Amino acid sequence: MGKITLCGDNCIYCPRYNAKTDDELFEAAELWYRIGWRDRLVSKEEIKCDGCSSHKKMYISAC
């Protein structure tokens, strides 16, 4: 069982959280734009997710 986070995603399957390269972040951003989850192609800084935990500040951008 994976970690279901504040955004509602399971981190194990999340392309934002699992991205290791800028290319992978771009692919996630492009996918989310194509399927309508974003109204524009967002930057890697906007789509990147470092995960959430009680010791980090949490900035939730809609997943």
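A disulfide, for the purposes of this passage, is a pair of cysteine sulfur atoms within 2.5 Å. On that footing, this predicted model holds zero disulfides. Cys14 and Cys49 make the point nicely. The cysteine sulfur nearest to that of Cys14 belongs to Cys49, and it sits 5.6 Å away. Looked at from the other end, Cys49 is likewise in no disulfide, with the sulfur of Cys14 as its nearest cysteine sulfur. Because the cut-off is 2.5 Å, a spacing of 5.6 Å leaves Cys14 out of any disulfide. As for their surroundings, Cys14 counts as buried, with 6% relative accessibility, while Cys49 comes out as partly exposed at 24%.

Stepping back to the overall layout, the protein has three helices and zero strands. Read from the N terminus on, the elements simply go α-α-α. Of its 63 residues, 24% count as buried. Taking contacts between residues at least 6 apart in sequence, 36% join residues that are at least 24 apart.

Now for the interior. In soluble globular proteins, nonpolar side chains tend to be buried together. Here the largest nonpolar core is made of seven residues, namely Ala19, Leu25, Ala28, Ala29, Trp32, Val42 and Ile47. Helix α2, which spans residues 22-34, supplies the largest share of this core, with four residues. One of the core members, Leu25, is worth a look for its neighbours: leaving aside residues up to four places away in sequence, Leu25 touches Arg16, Ala19, Lys44, Ile47 and Lys48. Two of these partners, Ala19 and Ile47, are themselves listed in the core.

Arg16, another of the residues touched by Leu25, has a story of its own. Arg16 lies in helix α1, residues 15-18, and is buried yet has no salt bridge. What is the nearest side chain of opposite charge to Arg16, and how far away is it? That side chain is Asp9, at 5.5 Å. A salt bridge needs nitrogen and oxygen within 4 Å, so Asp9, at 5.5 Å, does not pair with Arg16. There is a polar partner for Arg16 all the same, in the backbone: the backbone oxygen of Ile47 lies 2.5 Å from a polar atom of the Arg16 side chain. Ile47 thus turns up both in the nonpolar core and opposite the Arg16 side chain.

Elsewhere, charged side chains do pair up, and the count comes to three salt bridges. One of them joins Asp22 and Lys44, with N and O 3.0 Å apart. This pair ties together distant parts of the chain, with Asp22 in helix α2 and Lys44 in helix α3 (residues 44-47), 22 residues apart. Both ends are partly exposed: Asp22 has 46% relative accessibility, and Lys44 has a relative accessible area of 35%. Lys44 is also among the residues that Leu25 touches.

Another salt bridge brings together the side chains of Glu46 and Arg40, at 2.6 Å from N to O. Glu46 is partly exposed, at 38%, and Arg40 is partly exposed too, at 42%. The remaining pair is Asp50 with Lys48, whose closest N and O atoms are 3.6 Å apart. Asp50 counts as exposed, with a relative accessible area of 51%, whereas Lys48 is partly exposed at 48%. Like Lys44, Lys48 is in contact with Leu25.

Technical notes. Residues numbered from 1 in each chain as written. Predicted model: local features only at pLDDT ≥ 70, side-chain atom pairs only at ≥ 80, totals over all residues. Heavy atoms only, no water. Core = buried A, V, L, I, M, F, W, Y, C linked by side-chain atoms within 4.5 Å. Buried < 20%, exposed > 50% of the residue type's maximum accessible area, 1.4 Å probe, protein only. Helix = DSSP H or I, 4+ residues; strand = E, 2+ residues; numbered from the N terminus. Contact = heavy atoms within 4.5 Å. Lys, Arg positive; Asp, Glu negative; His and termini not counted. Polar contact = N/O pair within 3.5 Å; in protein donor to acceptor, adjacent residues only side chain to side chain.
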